[in-house]
Amino acid sequence: MSIQSLGVGSGLDLEALVSQLLEAERAPKQERLDSQEESYDAEISSIGTLKSKMKEFLDSVDELRSDANLKGREPTIKNPSENIEPFTAEASNSAVEATYAIAVTQIASGSRIETDNAADGGFSSTSDPVYTQPTLLDPPSGSLTFKIGATSDSFSIDVNAGMTLQQLSSAINSADDNFGVRSSIIDTGTASGGAKLVFTSSVEGEGNDLVIVNDNDLAELNRVATTNSTETVDYLSPVKNAQNSKATIDGIAVESSTTVFENVIENVSFTVSQLSELGEDGVTPLTSSLKIGFDSEGLEGKIRDFVDNFNALNTQITSLTRYGLSDLEEDGALAGDSMIRGIQQGLSNMVSSSVSSSGLGTLFQLGIEFNDDGDLEIGSSDKYGFGSGEDRLRDALEDNFDDIAALFADEEQGVAVRMYEYVEQYTNFSGLLSSRERSVRDQKDQLADEREQFELRMASTEQILRDKYLNLDQTVAQLNQTGSALVAALGSA
């Protein structure tokens with residue numbers, strides 16, 4: 001039977017009665033389902049938040065669990081003057097700790113070629129033709145090949161009759177296979193000097209001079225070439241030859257064909273950019289000091305990140321598992337959860353553990369200690385008579401680099417090694433937290449099925465109530481009609 005509007009026949013408010021009965025039936029079950037769903041959502045959200053914090057902590061731990069990460073080398077350079085910085089340096093972790101005196105005496109560069117003055121057979125202006133095809137017997141065009149003899153780099157430019165100096169310069173600069181040759185024109189402003197075409201090569205190193213070949217041996221093109229087609233005759237010569245970088249290391253002369261000195265000092269490279277400052281005699285270059293040592297600043301940053309991320313995780317766990325101190329303060333979403341509390345306790349135990357392979361023994365000797373709130377700190381006050389945390393950290397970085405590495409990265413006992421393995425068993429895809437998260441999501445899916453079944457039952461209950469009170473409505477309506485008829489009959493008697 002379809003649902004109908006109740007109370008029309010009897011005049012009774014049966015719709016309200018059915019609604020009240022349905023609400024009384026629905027309310028407790030609806031409240032239970034909503035409360036359960038809210039609890040599942042809060043747990044899923046909390047586990048997700050906790051996993052995120054744990055992964056951030058895991059990243060900082062990962063930086064400390066590798067011996068190679070902790071024993072990185074850091075070059076330190078001290079120059080005679082702050083205004084001149086002749087070089088920068090990099091060092092691999094296998095570089096030997098040492099100090100070197102370095103002076104830069106020459107910077108690698110490419111070669112430079114200039115055309116002759118106008119008075120010597122060069123060009124008077126940028127519009128001068130490079131090739132005029134003097135007679136009809138001469139070819140209509142020729143070509144120039146630019147190359148570096150010691151390399152396989154080369155490209156060619158076609159020179160047509162009537163091509164101007166400016167057009168040749170533009171064609172060189174825009175050539176697709178140009179390997180580093182730049183052309184420019186300098187107007188000397190004098191009739192004798194005229195316009196000079198200047199070729200600059202970026203290919204550095206002694207013996208890497210630019211060569212310009214007059215491929216067709218056209219006489220006019222000798223003005224912009226260094227040699228003939230067989231490279232047996234010389235025309236233009238470099239005004240500046242390609243050169244190496246030169247330096248001295250502890251008085252030993254060294255060279256490089258580029259601005260980078262790679263492995264001249266074993267496992268160290270340095271890049272030169274300025275000549276070293278000269279001494280008072282104006283001749284002798286002053287040396288800069290290059291010290292290769294442990295990267296104390298980098299390691300200190302990793303240690304402080306570890307402390308910060310531990311505290312962030314500790315605060316998150318405390319917030320999620322807390323019980324409200326009063327009825328007005330809500331419990332955390334994972335209040336009293338033994339698994340989560342166990343994570344917090346496990347990490348705290350590792351912080352306090354001893355590593356026998358390290359001379360420092362514990363993180364406390366590195367300056368890391370618990371404060372009254374249960375967080376880690378590198379304190380500034382001497383609370384225990386062993387110096388402040390800052391003092392202990394500074395001393396360890398200066399004198400106990402190997403012990404710091406063992407404290408964190410020992411394969412069996414290292415704090416970071418153990419913490420990484422411990423945290424990862426909770427955060428990886430098949431870890432305990434991930435498995436629990438999937439379990440709660442499955443429960444939420446089951447709750448959705450239960451809610452659907454509940455709605456079907458409520459629809460059935462509503463139909464039953466409506467059928468029941470529809471009969472009542474019809475019965476009362478018939479009685480009212482009978483009563484009205486009797487009253488009418490008695491009134492007419």
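These legends describe close-up views of a predicted model.

**View 1. An open antiparallel sheet of 3 strands.**
The strand order is S6-S5-S9. Strands S6 (154-160) and S9 (210-214) stand at the edges, each with a single partner strand, so one side of each has no neighbour in the sheet. From one strand to the next, the twist averages 20°. Strand S5 (residues 141-148) runs antiparallel to S9, and 5 bridges join the two. Across this pairing, Leu 144 stands opposite Asn 214 in S9.

**View 2. Helix H3 on the sheet strands S5 and S6.**
H3 spans residues 165-174. The helix lies across both strands. Its direction is at about 150° to S6.

**View 3. The hairpin of S10 and S11.**
Strand S10 covers residues 245-249, and strand S11 covers residues 252-256. The two pair in the antiparallel sense over 5 bridges. Thr 248 stands opposite Ala 253 in S11. There are 2 residues between the strands. In the turn, Asp 250 has a positive phi of about 50°.

**View 4. Strand S10 beside S3, and its alternating side chains.**
Strand S3 (residues 98-106) pairs with S10 over 4 bridges, in the antiparallel sense. Gln 106 has Lys 246 as its bridge partner in S10. Side chains alternate along S10. Ser 245, Ala 247 and Ile 249 point to one face and are buried. Lys 246 and Thr 248 point to the other face and are not buried.

**View 5. The largest nonpolar core, with 46 residues.**
Ile 303, Phe 306, Leu 366 and Phe 408 have the most contacts inside this core. Six helices are shown here as elements that give two or more residues to the core: H1 (14-62), H4 (296-321), H5 (338-352), H6 (389-399), H7 (401-409) and H8. H4 supplies the largest share, 8 residues.

**View 6. Surroundings of Ile 303 in the core.**
Leaving aside residues up to four places away in sequence, Ile 303 touches Leu 64, Leu 366, Ile 368, Ile 378, Leu 393, Ile 404 and Phe 408. A second core, of 28 residues, is separate. Its members include Ile 113, Ile 148, Phe 199 and Ala 225.

**View 7. Helix H8 and its buried residues.**
H8 runs over residues 415-427 and has 13 residues. From first C-alpha to last, the helix reaches 18 Å, close to the 18 Å expected at 1.5 Å a residue. Buried positions in H8 are Val 415, Ala 416, Val 417, Met 419, Tyr 420, Tyr 422, Val 423, Tyr 426 and Thr 427. In an α-helix there are 3.6 residues a turn, so residues three or four places apart point the same way. H8 also gives two or more residues to the core of View 5.

**View 8. Asp 34 and Arg 451, 9.3 Å apart from C-alpha to C-alpha.**
Asp 34 is found in helix H1. Its relative accessibility is 34%, so Asp 34 counts as partly exposed. In sequence, Asp 34 and Arg 451 are 417 residues apart.

**View 9. The region 437-464, listed in UniProt as "coiled-coil region".**
The listing comes from an unreviewed UniProt entry. Over residues 437-464 the chain is 100% helix and 0% strand. The end C-alpha atoms of this stretch are 41 Å apart.

Key: Residues numbered from 1 in each chain as written. Predicted model: local features only at pLDDT ≥ 70, side-chain atom pairs only at ≥ 80, totals over all residues. Heavy atoms only, no water. Pairing = 2+ DSSP bridges. Axes fitted to C-alpha atoms, helices over the stretch in contact; angles between N-to-C directions. Contact = heavy atoms within 4.5 Å. UniProt positions renumbered as here; feature names shortened; annotations may be inferred. Expected span 1.5 Å × (residues − 1). Buried < 20%, exposed > 50% of the residue type's maximum accessible area, 1.4 Å probe, protein only. Core = buried A, V, L, I, M, F, W, Y, C linked by side-chain atoms within 4.5 Å.
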